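Hi,

Here is the structure I promised to pass on to you. Have a look at it first, and then read on for what turned up.

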Amino acid sequence: MLTSRCDGRVYRAVAPYVRRLRASNRHYASVADLSSLPRQGDHLHGFTLQRTKHVPELELSALHFRHDKTGADYLHIAREDKNNVFAIGFKTNPPDATGVPHILEHVTLCGSEKYPVRDPFFKMLPRSLQNFMNAMTSADHTTYPFATTNPQDFRNLMSVYLDATLHPLLKRSDFVQEGWRIGPADPRASDAQHPDDLIFKGVVYNEMKGQVSDSTYLFYIQFMEHIIPALNNSGGDPSKMTDLTYEQLNRFHKAHYHPSNSKIVTYGNQDLEQHLQYIGQKLDGFDKINIDTDIKDAVTLDKPVEVVVKGPIDPLVPPEAQYKSSISWLTGSPADVYESFALQVVSSLLLNGYGAPLYRALIESGLGTDFSPNTGYDSSTGRRGIFTIGLTGVSEDNVPNMKELIYATLNEQADQGFEKQKVDGILHALELSLKHKTANFGLGIAQALTGSWFNGVDPFASMDYGSIINRFREDCEEGPYLEGLIKKYLLTDHTLTFTMAPSSSFGAEIVAEEAARLKSKIEETVKQFSSKEEAHQHLRDRELELLEEQDKGKTENVDLLPTLHVTDIERQQSWFEVRDSAPDEWTKVQWRETATNGLTYFRARTLFENLPDELRMLVPLFCDSLMRIGTKDKSMEQLEDVIKLKTGGISFGYKSGTSPYDNLQASEGFSLSGYAFDHNVPAMYELFQTILVETDFDAPKAHGMIKELLRAGADGAVDGIASSGHGYAARYARSGLSLSSKWSEQIAGLTQVKLITSLASAEDNQDAMNSLIGKLKTIQAIAVTSMKTDLRVALTCGSEASSANETALQRFLDRTRARHFDTPLPDLATSRMAQAYPSLGQRTFFPFPTYQVSYTGLALPTGPYTSPATAPFAILATLLTHKHLHHEIREKGGAYGAGASTNGTAGYFGMYSYRDPNPVNSLQIMQHAGRWAAEREWSDRELEEAKLSVFQSEDAPVSVNQEGMTRFVHGIDHEMEQRRREWLLDVDAGQVREAAGKLNEALEGLGGVNVAVLGAKRDVVEVGEGWTTRDMGLAVKQGGEEEEQEGA
């Protein structure tokens, strides 16, 4: 999996140093007890303990070992957390843009010396109870992490991961499958039938074609190529990937995947000595080598540098606002963790929130629609930190104006200084984050520390948060410290201005380049044979050989892979104790009283009855508006300051769901959520009441702020869909299954995207805007009015805080219900149009002409949560994923992802493909999947693997704020969960075949399912009947001519 900063980063975890760890003379237990940890200098299983640190605020102790023979670094983080984590990473500076680190990440997991089966990584997925298992290629390093609560599972996965990375088979066939190759689109057809059907293939190749369909990613990656030119594109540029050879891949592995070049991290409560013993044995077979530890430096910026590149047109953004542009400065070394922390604070103060000076200057002013993906302070890559400020949705004329306005704002801020309460708000948020108990804490800290460690940042310094904060407070007290950093680094002209200009021919040029490159590569192949026909036959034969190897891998014996068993799954459902109360006749409260580190978590839901579609689809915009407009007495900037000072964040949203007894019974409503320290709960409730009840939609600035939100929503919508197109396709396919699924699609699917972009295009129509404002006010009145007669609340807190919370909640309810709105409420009793569900047999194609790959979603109803007939479908979904769809669509078809899934609470079964070069083939495979599964004799081992796979999510650890939420959100009690658990554990082969038979009946002619396909290729419409084409308004000009999209 490719990672990049624009996908979102896990910020470096830091915490205070307290004192040296004490040692145990006997057994070293992997817990944070000072008396049970080794001393600095101790020698254990080939490792020497270099140093230790105890971090009481995070309830952990860190131990840094070094392997004596190879020099491998090993960091163990001991903490009383059963969700244990392992990660091994390697420094992988890419030598070019062929994507060799990324392709190697994939090929490494395709088989190893100890586990010489085809694709052991994917075959281990259903043999484990892991709750996270992946591999990630970053800009200059590659990591392989997993997390599991089962000790035997931990040992199994650690064995597979270490052998895969240190002793991979690296077969040529795996290279051409995962990387790239030339082959016939239909290898089983004769060359005479399809003489010109040779195409580029490869899982990573298609993944990266999907990535470059995302202009946000494209902007970021090209920016990185110019700011750190010595650091090539690790993911791979499709135009360069086909230059990579199998021999180059092997050499790269030999040079980089070695213990001397590795960082190893373990986390959790398992026994440290066992980890040391096992890892030490695996590393002892290697000798120390010289490695490439080079940390790439940025370009020299001793004067202004300007770069302009071409990019695609966003068809959902006005043609005059298609530019993306940013200005970047280089700062000091990221190894200076204190200054990096301070620069992160500067970035937050300048950019985060509607009251931030650069937000007001650049976005609120209308200069651009949103910040560019590289905006902010980045210390994750290279020798120097990078501070960037940029915009998307800028007009050509405003590109130079942006730079002038940025400098003017920075000068003004440096002179005026930052308000103390804004700095205090950031420190308060950090304090809350240390207290908040998350289920994936270990995974987050392991990933954050590993990445920075490879770039010279000491992980112990990163965790020395106490001294960092104390020093920071002292520096801020003494003088304008943060303002001094602005003057030091940002008020200079040593900058890189990077601009992406829209090109109407960009898409056509990419297609033409690939065609020319394919022709050239084919000609190179032909030269190696006596004739063109012989060369083509060679390519076809090679493809058939690969297919044969892939088919053998589907049925090979994998007993040599370690595994858990169904007996490792607890038959008894775990349960969080809750209690109920009713402070008045209109309110029901669920209490979860547990250790929360002094925090209270609040959720509330009120019902919408018969809400019309036109209002429902505006609820997301309404929620955004609540957090943007402000009240008559307070601006949103003032409210944001209080939110940061008093809470860990508050939010408003929309929720819908089905009855656990009947999927066709649906409910929807308005939700509120937030958390705060116990003593700040009254302030949190006051914020909810003020913002919900007093937001002033009639304010003079309200129209402009709503336009701003619409522009931001439309900007990047196409890119957002590209990053998770299978999710959008599946959501649309499900919209015909039930009323709740329809609502979900209207709120968060393609229908919502089209609504927001259409509203954004009409922002200058005053009548339309007035009508929109009126509807938002109506939603406000409905939400507050519904709270007066029906409200459900969930509170999670310590038992010592319950009484105070009850008093604060009652005051909040009294004050909110006392508010009267003048806005007339519509007659909701007759607003809902009758529609029969499920509505099946729908086939919909959404043209996305800028995409290079496609996305497919298929859905059908199964039944309610309380129906035992749904359990076999859950088992069937995992069997189809691991035994059929992954093999046929990903391995053989070249799509980046494919699978099947079920949702017990929503009551549906689905299949999907992701970044798919051949949706027609994928849809045919899906259409015959039911018959394939119904005719198969499922073994006990296969059923066991499927059940392990299902319970990975069923038994995944949850954060403290999620405890008891299944009952609150879905109405599912302990008895229901226990019955379903037993149904899932007891599913047999006959029940699976019966479910597969029902699936086959639904898939017959696609009459019992709904299908949606997103992409540029119209093949699915051309080869089948009954398709409807839905226009998203994405017609773009390619080479000056507008591309038409006709309905089918």
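Before we get to the helix and sheet, one definition will help: contact here means heavy atoms within 4.5 Å. Please also keep in mind that this is a predicted model.

Let's begin with the sheet. It is open and has six strands, in the order β18-β19-β23-β20-β22-β21, with mixed pairing. At its edges stand β18 (579–584) and β21 (650–658); each has a single partner strand, so one side of each lacks a neighbour in the sheet. From one strand to the next, the twist averages 25°.

The partner of β21 is worth a look. Strand β22 (residues 666–677) pairs with β21 in the antiparallel sense, over nine bridges, and Ser667 in β22 stands opposite Gly657. Across β21 and β22 lies helix α27 (residues 739–748), which runs at about 150° to β21.

Now to the interior. The largest nonpolar core has 83 residues, of which Phe65, Phe86, Ile227 and Ile279 touch the most other members. At least three residues of this core come from each of domain 1 (45–284) and domain 2 (305–437 + 454–502). Leaving aside neighbours within four places in sequence, the contacts of Phe86 include Tyr144, Phe154, Ile264 and Ile279. There is also a second, separate core of 70 residues, with Leu621, Leu626, Phe697 and Ile773 among them.

Finally, the cysteines: a search of the whole structure finds zero disulfides. Cys110 is buried, with a relative accessible area of 2%, and Cys797 is buried too, at 0%.

Enjoy exploring!

Technical notes
Residues are numbered from 1 along each chain as its sequence is written. This is a predicted model: local features need pLDDT of at least 70, side-chain atom pairs count only at pLDDT 80 or more; totals for chains, interfaces and linings use all residues. Side-chain values use heavy atoms; hydrogens and water are left out. A disulfide is a pair of cysteine sulfur atoms within 2.5 Å. Buried means under 20% relative accessible area, exposed over 50%, partly exposed in between (1.4 Å probe, protein chains only). Two strands pair if DSSP finds at least two bridges between them. Helices (H or I, at least four residues) and strands (E, at least two) are DSSP runs, numbered from the N terminus. Axes are lines fitted to C-alpha atoms, for helices over the stretch in contact, and angles run from 0 to 180 degrees between N-to-C directions. A nonpolar core is a set of buried Ala, Val, Leu, Ile, Met, Phe, Trp, Tyr and Cys residues joined through side-chain atoms within 4.5 Å. Domain bounds come from an automatic or database domain assignment.
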